[in-house]
Amino acid sequence: MTRTYLPPEWAPQSAVMLTWPRAEGDFARHFDAVEANFVDIAVAISKHEEVHINYGLDPAALRSRLIQAGATAARLRVYRVDSDDVWARDHGPITVIRDGRLVHLDFVFNGWGGKFSAEQDTQLTRRLAELGAWSAPIESLDFVLEGGAIEVDGSGTLLTTERCLLAPTRNPHLSREQIEDTLKREFGVERVLWLKHGDLLGDDTDGHVDTIARFCDAHTIAYQGCDDAADEHYADLQAMAAELAEFRTRDGSPYDLVSLPLPGAIFDEDGRRLPAGYANFLIMNNCVLVPIYGDVNDEPALEKLREVFEDREVIGIDCRALIQQYGSLHCVTMQIPSAPPSSTRAA
């Protein structure tokens, strides 16, 4: 019988993948600032583990720039590969351990339901294989799924949102039960928890769970709270908090819930509110990278996460440039788990 396991984010990692912004891409108006944001993220990752970067121009030039900025040279891997956009969480592979070996699952990425071009992004994992980036096999699936849409606890539970996975622009030919069966089969989970509420204004992913609620371990969920009744997020985030309070772990206990403060409203040049939040953090081997926004709530959010991740350094990364395209730190990263000890190490 095949045994499949999707490691939780806090499991040992071999690398974190980034896809570099393009000067002519969606970040064109903010390119210098967002590229500087990516430099900060890449340097921070390289201090703890390998960073695997997809870049459309000269890899040697980017390596040199990152080393000059303080990146650890031995942990930099840059591949010349074209992309549409930067959101590695959604176009990168979701890596499982199957029968003791890594397998990179390559789901269909359709630009969040056809909102944006994704022709190159959905091919990116396979193109990296052609370049020799992966030593583990790739398995392509005819199922639309983004990595930001799911969270796992490593103990048989997957958390997601109805708004995203049941969207008619994802897998309209499948019922809720069929979608749930697919998640259980491909990720080796036993149950799926569905959130009906929780959304940040400006989020164009149809409600990715990684912006609102995150497993920190098998018993703890950090979520995006809102205590200001005057804020337009208040009712929906309060309803999500109530849902989370009703969820139970596999042993029947309530989850330990950690409410993160909501940063003050940030707007783009057209007056649209941006989906800034603190739940979009990245857990790594020895640290947690947390998006911050030059807001009074930055430090309280970091302190709450330090209490949760006592065994890891919690580091704030200013993501005010990144949020201009409606995503944040977790959205632009994809961790690659370490191979089990008995398996060949893969990236």
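Contact here means heavy atoms within 4.5 Å. The model described is a predicted one.

An open sheet of 4 strands is present, with the order 1-5-6-7. Its pairing is mixed. Strand 1 (4-5) and strand 7 (138-144) form the edges, each pairing on one side only. Strands of a sheet pair through backbone hydrogen bonds, either parallel or antiparallel. For strand 1 and strand 5 (residues 94-98), the sense is antiparallel, and the pairing runs over 2 bridges. Threonine 4 has arginine 98 of strand 5 as its bridge partner.

Serine 140 lies in strand 7, one of the two edge strands of this sheet. Serine 140 is in contact with Asp106 and Arg126, leaving aside neighbours within four places in sequence. With aspartate 106, the link is a polar contact of 3.2 Å between the side chains. Serine 140 counts as partly exposed because its relative accessibility is 46%, between the limits of 20% and 50%. Proline 93 is 47 residues from serine 140 in sequence. In space, the two C-alpha atoms are 9.5 Å apart.

The nonpolar interior was examined next. The largest nonpolar core has 59 residues. Leu18, Trp20, Ile53, Leu66, Phe281, Leu289 and Leu322 have the most contacts inside this core. Helix 1 (residues 31-46) supplies the largest share, 9 residues. A second, separate core holds 31 residues, including Leu105, Phe107, Leu145 and Val189.

Tryptophan 20, one of the residues with the most contacts inside the largest core, shows a long list of partners. Neighbours within four places in sequence are again left aside. Tryptophan 20 then touches Glu35, Phe38, Val39 and Ala42, among others. Its further contacts include Ile53, Asn54, Tyr55, Leu62 and Leu66. Ser83 and Val86 are also among them. Of these partners, Ile53 and Leu66 are themselves listed with the most contacts inside the core.

Aspartate 206 offers a polar example. This residue is found in the loop between strand 10 (191-195) and strand 11 (213-217). Its relative accessible area is 14%, so aspartate 206 is buried; the cut-off for buried is under 20%. A polar contact of 2.9 Å joins its side chain to that of lysine 115. Not counting residues up to four places away in sequence, aspartate 206 touches Trp112, Lys115, Thr161 and Arg163, among others. Cys164, Ala167, Thr169 and Arg170 are also touched by aspartate 206.

Key. Residues are numbered from 1 along each chain as its sequence is written. This is a predicted model: local features need pLDDT of at least 70, side-chain atom pairs count only at pLDDT 80 or more; totals for chains, interfaces and linings use all residues. Side-chain values use heavy atoms; hydrogens and water are left out. Two strands pair if DSSP finds at least two bridges between them. A nonpolar core is a set of buried Ala, Val, Leu, Ile, Met, Phe, Trp, Tyr and Cys residues joined through side-chain atoms within 4.5 Å. Buried means under 20% relative accessible area, exposed over 50%, partly exposed in between (1.4 Å probe, protein chains only). A polar contact is a pair of N or O atoms within 3.5 Å; within protein, one must be able to donate a hydrogen and the other to accept it, and residues adjacent in sequence count only if both atoms are side-chain atoms.
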